[in-house]
Amino acid sequence: MRGLGIIDRKGAVFLAIVLGAAVLVPASNLGLAETNPLHVSDYLVPLLGKYVCYALLAVAVDLVWGYCGVLSLGHGAFFALGGYAMGMYLMRQIGPRGVYGNPVLPDFMVFLNYKELPWFWWGFDVFPFALLMVFLVPGALAFLFGWFAFRSRVTGVYLSIITQAMTFALMLAFFRNDMGFGGNNGLTDFKDILGFSISADGTRTALFAASALALAGGYLVCRALVTSKYGKVLVAVRDAESRTRFLGYRVENYKLLCWVVSAMLAGLAGALYVPQVGIINPGEFAPANSIEMVIWVAVGGRGTLVGAALGALIVNAGKTWFTGMLPEAWLFALGALFVLVTLFLPRGVLGLWASLTEGRRKTTAPAPPAMPAAKPAE
Amino acid sequence: MNDQASQPFSRTHCEKPKDCARTARSARRLLGYVFLLAALTFLSGVQPAAIGAASAQPASAPLAGADLAPALALLGTDSYGDTDAALGRLAVSTNTRAADIVEAIRDGRLLFDPQSKAVFLRMPDGAVTDAATGAAVGAPPAGLRPVRVNNRVRRAIDAAAGALALLSPDNQKRLAAAAAVFKSRDVSALPILDAALAKEGDPKVKTALEQARAAIIVASQSVSEPERVSAARLIAARGDQDALAILSSLPPNSPDAVKAAAADGIEAINRSLAMWAVAQNVWYGLSLGSVLLLAAIGLAITFGVMGVINMAHGEMVMLGAYTTYVVQEIIRTSAPFLFGWSLAIALPLAFLFTAIVGIIIERTVIRFLYGRPLETLLATWGISLILQQAVRSVFGPTNKEVGAPSWMSGAFDIGQMSITYNRLWIIVFSLLVFFALLLVLKRTALGLYVRAVTQNRRMAGAMGIRTGRIDALTFGLGSGIAGIAGVALSQIDNVSPNLGQGYIIDSFMVVVFGGVGNLWGTLVAAFGLGVANKLLEPFAGAVLGKILILVLIILFIQKRPRGLFALKGRAVEA
């Protein structure tokens with residue numbers, strides 16, 4: 001019963017779509033002729049893969065914001081760190097095929113007169129190690145940050161601002177050439193992953209399928225967390241933190257677990273994102289990116305997980321369309337989206353849909369978690 | 001500290017009267033040598049008549065005499081030896097025409113008549129004048145030839161030109177010449193220097209001359225040891241980079257006493273330079289702090305007092321800067337004489353414009369979001385994107401040129417640190433804005449209402465305050481202040497649509513660090529962070545320093561989650 005309990009109807013539809021896409025998109029791209037109207041073009045596969053990574057990132061943001069009430073303006077940092085871990089693996093895979101032909105040092109290090117590989121690059125030629133780091137590096141940063149912040153009871157706006165400071169500081173740090181991460185050019189020119197050429201159709205579709213599976217997996221992990229007893233306490237922390245604390249719960253530990261899991265998922269999203277777009281640079285740390293992630297969640301519907309993924313898809317598809325058709329108008333549209341969603345759609349697209357169907361059917365189905373109208377006095 | 005500061009000072013002048021007397025005596029002696037030298041050169045010449053003329057001159061006479069005749073007589077012979085000797089005389093002449101004549105020799109414009117030996121000067125415009133009087137010559141004799149120069153004469157010309165400058169009646173020229181000698185450390189200038197010192201009346205020039213002389217003799221082998229030691233001390237008293245360079249480049253075979261004095265001097269100079277460097281960094285820090293204060297002060301109202309997380313704050317600053325640009329453009333095209341006043345005209349306009357924009361934002365968006373701070377953050381972020389794109393669409397994405405009125409450009413020095421006027425004015429301006437705002441909040445009816453509404457909205461409403469109107473006005477005030485900050489920042493930053501984004505994170509850091517809802521906290525935080533940032537820079541570099549500051553703020557907020565000066569009591573709960 002518990003096993004089935006974590007998947008509600010919405011979730012089932014969502015998983016069906018995501019897993020279906022994981023199978024159908026590669027099949028269509030590789031199996032169907034290019035003239036077939038159902039053919040997914042080579043251009044579309046990595047684009048969709050990118051959206052799926054963003055969706056996973058949005059699910060991660062929703063876990064902390066929607067269920068724990070922590071508005072992170074620094075999730076871009078975890079995403080980028082996961083991306084850098086993967087990028088370092090991909091850099092090492094280039095080997096002697098780089099411009100300078102150095103078998104060990106990546107091109108930028110040869111260019112910057114590095115004599116040997118810095119210690120923090122050791123082991124990144126081994127995929128399992130790199131994969132471990134994809135989770136561990138963002139997780140460790142989140143643990144450290146959360147450990148201090150939640151224990152000192154930094155909440156609300158203050159927490160949001162210092163997460164923003166965190167990603168801003170990391171951005172400045174990664175822009176420095178002597179950090180050993182390629183400075184403002186970042187890591188790029190990747191050749192292959194696990195022995196497969198990164199630009200081959202097969203690899204791209206496989207990466208898409210892996211991203212979709214990761215999204216499904218990430219969703220299930222979050223869902224398992226929020227439907228458990230732990231999840232109930234988490235929501236209690238969101239709605240009345242002081243009260244929960246007075247009931248005897250160690251609020252900081254509940255928050256910390258949620259925060260670290262979310263950071264790791266963001267790191268995974270970044271790791272899958274990098275091979276599909278072919279570059280990772282410090283721009284990913286930009287505070288504006290992290291704020292944009294929050295609006296994906298808000299558009300889709302905060303505290304629903306599915307909504308977050310949906311929001312990421314809607315906003316990013318809109319961005320692709322707008323920047324192609326009306327590049328001038330994109331920022332107007334995005335800005336208006338921020339304003340209108342917060343003003344008129346506090347529960348996002350999913351909430352709008354739910355209230356529409358509720359109104360028609362007049363059922364007493366449990367509503368999605370309600371937004372706290374105002375932060376209760378602490 | 002007082003000790004160190006005052007001691008080098010006393011060394012700038014002669015330590016004892018006896019020393020002064022000795023300096024004067026040796027100057028006279030050296031002057032004697034010059035003339036001996038000149039006479040010797042001239043003995044090798046061919047004109048016996050000229051020998052008589054030169055030897056008839058007492059050693060010190062040319063200093064006083066304005067008569068150029070003997071030198072001109074020598075020049076008329078057109079022998080290198082005579083020309084050299086003549087230059088030696090011209091160098092110590094007090095006649096105002098001497099400099100012209102020396103220059104004319106250099107340029108090949110000094111002509112002589114091989115028949116009459118008369119000497120003429122062709123002006124740069126071609127007119128020929130009498131060399132001695134400067135009077136125009138109506139019909140110059142035919143067959144005039146220029147006085148020839150060779151390398152030896154060229155050296156003599158340079159020496160004479162430098163010497164004439166040292167002896168020039170113009171204080172500024174003498175000062176510049178002394179500084180030039182201090183830099184060149186040309187041993188051949190020593191005799192002239194002594195001559196100049198002997199008759200110098202102006203204390204400032206005298207100090208410069210003494211320093212120039214010390215710079216030469218401190219490295220000279222032919223001067224006695226005590227004299228070199230006192231020269232080293234004299235140079236050390238200057239206390240700048242040039243003095244440091246001279247003291248650290250002494251010849252290796254210098255006596256130990258001289259080396260010791262130089263080492264002492266180097267240490268003292270390094271100490272004082274380090275202090276000046278710290279002072280300069282503190283100044284830069286204050287300047288950065290004033291920028292932070294300007295950027296954050298409007299946010300201290302909208303975020304600090306009202307609790308609205310106004311991510312569009314940076315765009316208000318940007319709008320203020322663009323207002324300045326538009327005002328200047330209008331002034332340039334229609335009333336250029338008003339340019340000096342452009343900033344003063346832009347200030348109220350920027351305040352009004354951004355305040356109105358702010359009030360519109362408050363009435364249309366923010367008022368629906370009170371009590372939902374995180375949603376406000378998102379909505380205002382959206383507004384900031386719209387404003388940025390709007391400005392980009394209207395004015396284009398490139399930087400706009402905003403000019404500086406004359407009173408804001410330039411710089412002056414205090415000791416070893418340099419202070420630019422625009423930074424100085426911005427510090428003054430930021431403090432003025434700060435105190436004006438404080439006055440508004442504490443001493444006016446509006447301020448009273450603002451405080452009442454933010455402390456207890458419902459009770460304020462029950463007392464008859466129209467809370468909605470006060471909200472709009474407060475937000476307008478905060479936005480307007482951001483706008484006038486934009487006027488100031490347009491002077492030191494690029495005016496582009498991205499201007500505001502660069503300040504938004506810093507502004508939030510300042511307000512949060514200082515303590516939300518506390519204006520004094522904002523002041524202390526802005527200057528504290530500015531100075532800390534600039535003091536860290538020499539050790540950590542600009543970027544790493546900034547990262548360190550951010551990390552420190554993050555850690556600080558762990559320790560004091562509500563900032564430096566946290567509000568206490570019931571206001572915290574609201």
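The following is a chat between a student and a tutor about a predicted model with chains A and B.

Student: Before we start, how are things numbered, and what counts at which pLDDT?

Tutor: Residues are numbered from 1 along each chain as its sequence is written, while chains are lettered from A and ligands numbered from 1 in the order in which they are written. As this is a predicted model, local features need pLDDT of at least 70 and side-chain atom pairs count only at pLDDT 80 or more, while totals for chains, interfaces and linings use all residues.

Student: What is the confidence like in chain A?

Tutor: pLDDT is the predictor's confidence in each residue, from 0 to 100. Chain A averages 89, and 94% of the residues score at least 70. Helix α11 (residues 251–277) of chain A has the highest mean, 96, and helix α1 (residues 2–5) the lowest, 56. Over residues 363–378 of chain A the pLDDT is below 50, though this stretch has 23 contacts in the model beyond near neighbours in sequence. Where pLDDT is low, the predicted coordinates should not be read in detail.

Student: How do you know whether chain A agrees with a compact globule?

Tutor: Compare two radii of gyration, taken over C-alpha atoms; the globule rule is 2.2 Å times the number of residues to the power 0.38. For 378 residues the rule gives a value near 21 Å, and chain A has 21 Å, so the two agree. Its C-alpha atoms fill a box of roughly 65 × 55 × 45 Å along the principal axes.

Student: What is chain A built from?

Tutor: Chain A has 15 helices and 4 strands. These are DSSP runs, numbered from the N terminus: H or I over at least four residues for a helix, E over at least two for a strand. UniProt, in an unreviewed entry, puts "transmembrane region" at several spans of chain A, including 43–65 and 329–354. Such annotations use the numbering here, have shortened feature names and may be inferred rather than shown by experiment. In the model, residues 43–65 of chain A are 96% helix and 0% strand, with end C-alpha atoms 33 Å apart. Residues 329–354 of chain A are 88% helix and 0% strand, and their end C-alpha atoms lie 30 Å apart.

Student: Why is A:Asn113 called exposed?

Tutor: Count the other C-beta atoms, placed from the backbone, within 10 Å of a residue's own: 20 or more is buried, 12 or fewer is exposed, and in between is partly exposed. A:Asn113 has 7 such neighbours, so it counts as exposed. It lies in the loop between α5 (107–111) and α6 of chain A, and its phi is near 65°, a positive value in a residue other than glycine.

Student: And what makes A:Asp189 partly exposed?

Tutor: A:Asp189 has 16 neighbours, so it falls between the two cut-offs. This residue sits in the loop between β1 (187–188) and β2 (192–193) of chain A, and its phi is also positive, near 65°.

Student: How does that work for B:Ala139, buried or exposed?

Tutor: With 6 C-beta neighbours, B:Ala139 counts as exposed. Its place is in the loop between β3 (128–130) and β4 (145–146) of chain B.

Student: What makes two residues a contact, and how many residues of each chain meet?

Tutor: Their C-beta atoms, placed from the backbone, must lie within 7 Å. By that test, 38 residues of chain A are in contact with 36 residues of chain B. On the chain A side, α7(A) gives the most, with 13 residues. By class, that side has 29 nonpolar, 6 polar and 3 charged residues. Here Ala, Val, Leu, Ile, Met, Phe, Trp, Tyr, Cys and Pro are nonpolar, Asp, Glu, Lys and Arg are charged, and the others, Gly among them, are polar.

Student: Why is α22(B) called mostly covered?

Tutor: Of its 14 residues, 11 are buried, among them B:Tyr503 and B:Phe508. What covers the buried residues includes α7 of chain A and, from chain B, α14 (256–305), α15 (313–334), α23 (519–540) and α24 (542–559).

Student: How do you know how far α22(B) should reach?

Tutor: The expected span is 1.5 Å times one less than the number of residues. Helix α22 (residues 501–514) of chain B reaches 21 Å from its first C-alpha to its last, close to the 20 Å expected. B:Gly515 follows, with a positive phi near 110°.
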